[in-house]
Amino acid sequence: MLCDECGKNKATVHLTEIINEQITKLNLCEACAKEKGTDVEQHFGISDLLTALSDVETPAPGAAAGSAAIKNKCSFCGLTYEDFKKIGRLGCSECYVTFKASLAPLLKRIHGSNQHLGKVPNSAVMKGQKVMSNFHEQLEAAKSELEKAIKGEEFEEAATLRDKIKFLEKKIKETK
Amino acid sequence: MKIDDLLKQTCEWLKGSGPNSDIVMSSRVRLARNLERVAFSHWATKKQEHDTLVNLEQILSETDMISTGLKVRMNEIDDVDKQFLLERHLVSREHIVQPDYKSVLIGDKEVISVMVNEEDHLRIQVMQSGFNLQECWRIASRLDDSLQKRGKFAFSAELGYLTACPTNTGTGLRASVMLHLPALVMTKQIGRVLHAISKLGMTARGFYGEGTEAEGNFFQISNQITLGSAEEDIIDNLERIIRQVIGHEENARKTLMKQNREILQDKIWRSNGTLRSAHIMNSKETMALLSMVRLGVDIGLINDIDRRAVNELFILTQPAHLQKIEGRLLSSAQRDVKRANLIRRRLEGL
């Protein structure tokens with residue numbers, strides 16, 4: 001099969017596009033696909049989706065009263081929040097600290113949560129304290145949130161919180 | 001071990017054994033891990049990428065879980081070999097498009113493969129035949145433990161494992177199951193099933209992952225959410241949904257056998273006949289016909305071939321596999337002839 005664009009090279013990339021409910025199939029060679037590919041990326045790239053999500057959460061200037069001024073550049077790897085919005089990827093583990101204020105709500109939007117409840121590395125268990133106190137803090141917070149949820153008759157939220165409490169209690173027992 | 005040695009063995013995920021293997025082809029667990037305070041691969045300088053590569057290859061070579069297998073630097077192999085690894089699901093598409101400073105380490109049974117410098121510094125992948133996510137997770141977690149003794153991974157008590165893309169943050173876990181759902185496709189229920197899956201926070205993709213169509217009636221279903229639930233719960237959740245899908249497929253197969261028996265039998269036997277007699281066969285037709293033959297084997301209609309042999313054909317008939325078997329580059333037309341040839345030989349020989 002020859003490429004639909006140039007008609008010269010062999011088509012190795014097969015694209016299905018849906019525009020106005022019309023399905024178009026394109027068979028392209030690698031070179032033409034690369035050119036076309038940039039269009040496709042622009043339509044479906046994860047960075048665009050992330051941008052859409054994070055734009056909502058970008059705090060207005062001066063909105064972060066009380067907290068330290070929000071840094072716009074990771075001092076470890078040099079990535080800016082603008083870079084992140086463009087490429088949809090963070091630069092290093094320190095970026096999570098640098099952009100914490102913007103990332104927490106973004107993560108909540110993506111995952112419905114911004115609190116890790118899974119595996120903890122051996123080294124963190126060995127050092128223990130930090131993770132432990134964190135679990136205790138989380139447990140207390142979850143309990144008071146649960147009370148609020150029940151009062152407000154938000155039962156779906158309450159069910160999630162109950163699971164979280166169960167999990168945290170288990171984790172605390174395990175870490176002891 | 002060399003790349004060519006892989007050709008002599010059956011990938012773990014094609015063995016056609018394990019729980020529910022009449023509907024579930026394979027299970028897979030992937031963990032994303034990164035080194036602490038080291039730039040992620042896409043943001044690193046060449047020097048940093050090189051250092052990470054050497055460092056992680058060293059760490060990986062020290063664990064006995066993977067050290068006996070194969071180590072491949074992606075920029076040291078030709079295009080056919082790259083495609084060959086992709087066809088066996090040992091590397092991702094991203095890994096072969098930009099091969100510099102990337103490698104893959106493959107366990108000797110192809111159960112474990114670890115990509116270095118993919119989107120994350122490490123992508124640990126474990127595959128099993130049939131419906132067996134728990135075992136995949138156990139193996140992946142054990143390898144993860146043994147690596148964590150040697151290198152410090154980026155982790156925060158609040159956000160879990162820190163990954164290049166926030167869609168993987170937390171557990172860094174992607175669990176996926178490859179299902180063969182011909183009866184749901186034939187009875188036109190598949191759209192409804194996939195729609196329901198997406199509403200439950202899961203995603204469905206084709207045989208070769210993102211962007212590939214559901215060739216051969218194969219669908220990969222995986223979790224999307226990685227933060228806020230423990231690994232066991234993510235897996236448990238996915239398993240419950242998969243069990244439902246398996247139930248629907250079983251019912252659809254029964255309904256077809258009851259209400260459209262002749263039509264179904266005709267489809268299966270014609271597919272079988274075509275595969276055993278054709279002299280030119282393209283990829284797409286092969287996948288469609290093999291899917292029908294596999295269904296025939298699974299419902300006990302075809303008895304002279306086993307499931308493993310059919311599974312193997314799905315992979316052996318892929319372009320790079322054909323070229324490796326022949327030991328030379330083949331044009332698309334040449335491949336179609338060789339493909340038909342290989343299928344005839346394999347099906348007659350059994």
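Biologist: How many helices and strands does chain B have?

Modeller: This is a predicted model, in which local features need pLDDT of at least 70, side-chain atom pairs count only at pLDDT 80 or more, and totals for chains, interfaces and linings use all residues. Residues are numbered from 1 along each chain as its sequence is written, while chains are lettered from A and ligands numbered from 1 in the order in which they are written. Helices (H or I, at least four residues) and strands (E, at least two) are DSSP runs numbered from the N terminus, and on that basis chain B has 13 helices and 10 strands.

Biologist: What is the mean pLDDT of chain B?

Modeller: The pLDDT is the predictor's confidence in each residue, from 0 to 100. In chain B, 98% of the residues reach 70 or more, and the mean is 93.

Biologist: Which radius of gyration does chain B have?

Modeller: The radius is taken over C-alpha atoms, and the globule rule is 2.2 Å times the number of residues to the power 0.38. Along its principal axes the C-alpha trace of chain B spans about 65 × 45 × 30 Å. Because a compact globule of 350 residues would have a radius of gyration near 20 Å, the value for chain B agrees with that rule, at 21 Å.

Biologist: Into which domains is chain B divided, and how many residues does each give to the contact?

Modeller: The bounds, which come from an automatic or database domain assignment, are 3-253 for domain 1 of chain B and 261-348 for domain 2 of chain B. Their C-alpha centres lie 26 Å apart. With contact meaning C-beta atoms, placed from the backbone, within 7 Å, domain 1 of chain B gives 20 residues and domain 2 of chain B gives 23 residues.

Biologist: Which element supplies the largest share of the side of domain 1 of chain B that touches domain 2 of chain B?

Modeller: By class, that side has 7 nonpolar, 7 polar and 6 charged residues, where Ala, Val, Leu, Ile, Met, Phe, Trp, Tyr, Cys and Pro count as nonpolar, Asp, Glu, Lys and Arg as charged, and the others, Gly among them, as polar. The largest share, 4 residues, comes from helix 3 (residues 79-87) of chain B.

Biologist: Is A:Cys92 buried or exposed?

Modeller: A:Cys92 lies in the loop between helix 3 (81-87) and helix 4 (95-98) of chain A, and among the residues that it touches are A:Cys77, B:Phe40 and B:Trp43. A residue is buried if 20 or more other C-beta atoms, placed from the backbone, lie within 10 Å of its own, exposed if 12 or fewer, and partly exposed in between. Because A:Cys92 has 26 C-beta neighbours inside 10 Å, A:Cys92 counts as buried.

Note on methods
Two residues are in contact if their C-beta atoms, placed from the backbone, lie within 7 Å. Lists of a residue's contacts leave out its neighbours within four places in sequence.
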